[in-house]
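This report walks through selected features of one protein model, beginning with a charged residue and the contact it makes. The sequence and the structure come first.

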Amino acid sequence: MRIFNKEGNKDSKEDTQAGAENPDARNSGSSAEEANEARDNPEEASASSEAEKSPEAMCQKENQILKDQLFRLAADFDNFRKRTARQMEENRKAVLEQVLLDFLEVTDNFDRALKSAETAEDMSSIVSGIEQLSRQFFSILEKYGLEKIKSEKASEFDPHRHEAVQHIETSEVPDNTIVEVYKAGYALDSKVIRPAMVSVARNPDEAEE
């Protein structure tokens, strides 16, 4: 003989009906379990998320990253170019300023020499002063790497350092040697910036041979 508890049966029926009437409650419980699993296994959740992405979306994302890197690189290079140009200009001005300061000393000596020449009675003192100014002037040029090309009379003609403006037939000096220097030549740090203008000997006897 079974004994039924009416109140217990009533509560059981109400729970069954509540579960049937509220499926979202069961789903929310399931979602909570999935969230807990994702929190416990972040790598698996991330892999699942990446798998859900389409290849097109991944390509677009990678393309955007590369574009951002390219833009940053271009901006960095532009800043570097401007900074380098600015530094080169500042260095050029600094060197030019120093050169001008050195030559201002020569200018001051020129002014003093001119004032002395107005009252000088001895020409030899004037010549001596000009020679000193010339030596001072060329010492400054040598300080910055300028050197005078050797172009002595009867020395051998060098087409890399001399420019022949005239050929002179003569037997007094060997063929292809310098007869006269019309304008001195100069080299800057061993690089010829102006060849010496000279006349070159042409020996008729050696030319016939």
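## A salt bridge between two helices

With a relative accessibility of 53%, Lys143 counts as exposed, since the cut-off for that class is over 50%. The model is a predicted one, and the values discussed here were computed from it. The side chain of Lys143 forms a salt bridge with that of Asp102, with an N to O distance of 3.0 Å. Because Lys143 belongs to helix α5 and Asp102 to helix α4, this pair ties together parts of the structure that lie 41 residues apart in sequence. Asp102, for its part, is buried, its relative accessible area being 14%, so the contact joins an exposed lysine to a buried aspartate.

## A salt-bridge network within helix α4

A search of the whole structure finds 4 salt bridges, and among them are two that share Asp78. The side chain of Asp78 meets that of Arg81 at 2.6 Å, N to O, and the side chain of Lys82 meets that of Asp78 at 3.2 Å, N to O. Asp78, Arg81 and Lys82 are in this way linked in a network of salt bridges.

The spacing along the helix helps to explain why these side chains can meet: Asp78 and Arg81 are 3 residues apart in helix α4, which means that about one helical turn separates them. Lys82 and Asp78, being 4 residues apart in helix α4, are likewise separated by about one helical turn. As to solvent accessibility, Asp78 counts as partly exposed at 26% relative accessibility, Arg81 counts as partly exposed at 45%, and Lys82 is partly exposed with a relative accessible area of 44%.

## The largest pocket

Helices α4 and α5 appear again in the description of the largest pocket, since α4 (55-119) and α5 (123-143) each supply at least two residues of its lining. The volume of this pocket is about 240 Å³. Its lining comprises 14 residues, and those that lie nearest the centre of the pocket are Ala113, Ile126, Gly129, Ile130 and Leu133.

Helix α5 gives the most to the lining of the largest pocket, contributing 7 residues. Sorted by class, the lining holds 8 nonpolar and 6 polar residues, while no charged residues are found in it.

## An open antiparallel sheet

Which strands make up the open sheet, and in what order do they stand? The sheet is formed by 3 strands in the order β1-β4-β5, and the pairing is antiparallel. The edges are taken by β1 (146-148) and β5 (191-194), each of which has a single partner strand, so one side of each is left without a neighbour in the sheet. On average, and with direction ignored, neighbouring strands of this sheet are turned by 40° against each other.

The pairing of strand β4 (residues 186-188) with β5 rests on 3 bridges, and the two strands run antiparallel. Within the sheet, Ala187 stands opposite Val192 in β5.

## Strand β6 and its partners

Strand β6 (residues 196-202) has 5 buried residues out of 7, so the strand is largely enclosed by the rest of the structure. Its pairing with strand β2 (residues 162-169) consists of 7 bridges, and these two strands run parallel; Ile168, for instance, has Ala201 in β6 as its bridge partner. Strand β3 (residues 178-183) is joined to β6 by 4 bridges, here with the strands running antiparallel, and the bridge partner of Val181 in β6 is Val198.

Is Ser199, a residue of strand β6, buried or exposed? Ser199 counts as buried, because its relative accessibility is 0% and the cut-off for that class is under 20%. The C-alpha atom of Ser199 is separated by 5.5 Å from that of Ala164, although the two residues are 35 residues apart along the chain.

Key: Residues numbered from 1 in each chain as written. Predicted model: local features only at pLDDT ≥ 70, side-chain atom pairs only at ≥ 80, totals over all residues. Heavy atoms only, no water. 1 Å grid on protein atoms, 1.4 Å probe; cavity = no way out; pocket = protein on both sides within 12 Å on 5 of 7 lines; lining within 4 Å. Points joined across faces, edges and corners; volume = space filled by probe spheres on them. Nonpolar A, V, L, I, M, F, W, Y, C, P; charged D, E, K, R; others polar. Buried < 20%, exposed > 50% of the residue type's maximum accessible area, 1.4 Å probe, protein only. Pairing = 2+ DSSP bridges. Axes fitted to C-alpha atoms, helices over the stretch in contact; angles between N-to-C directions.
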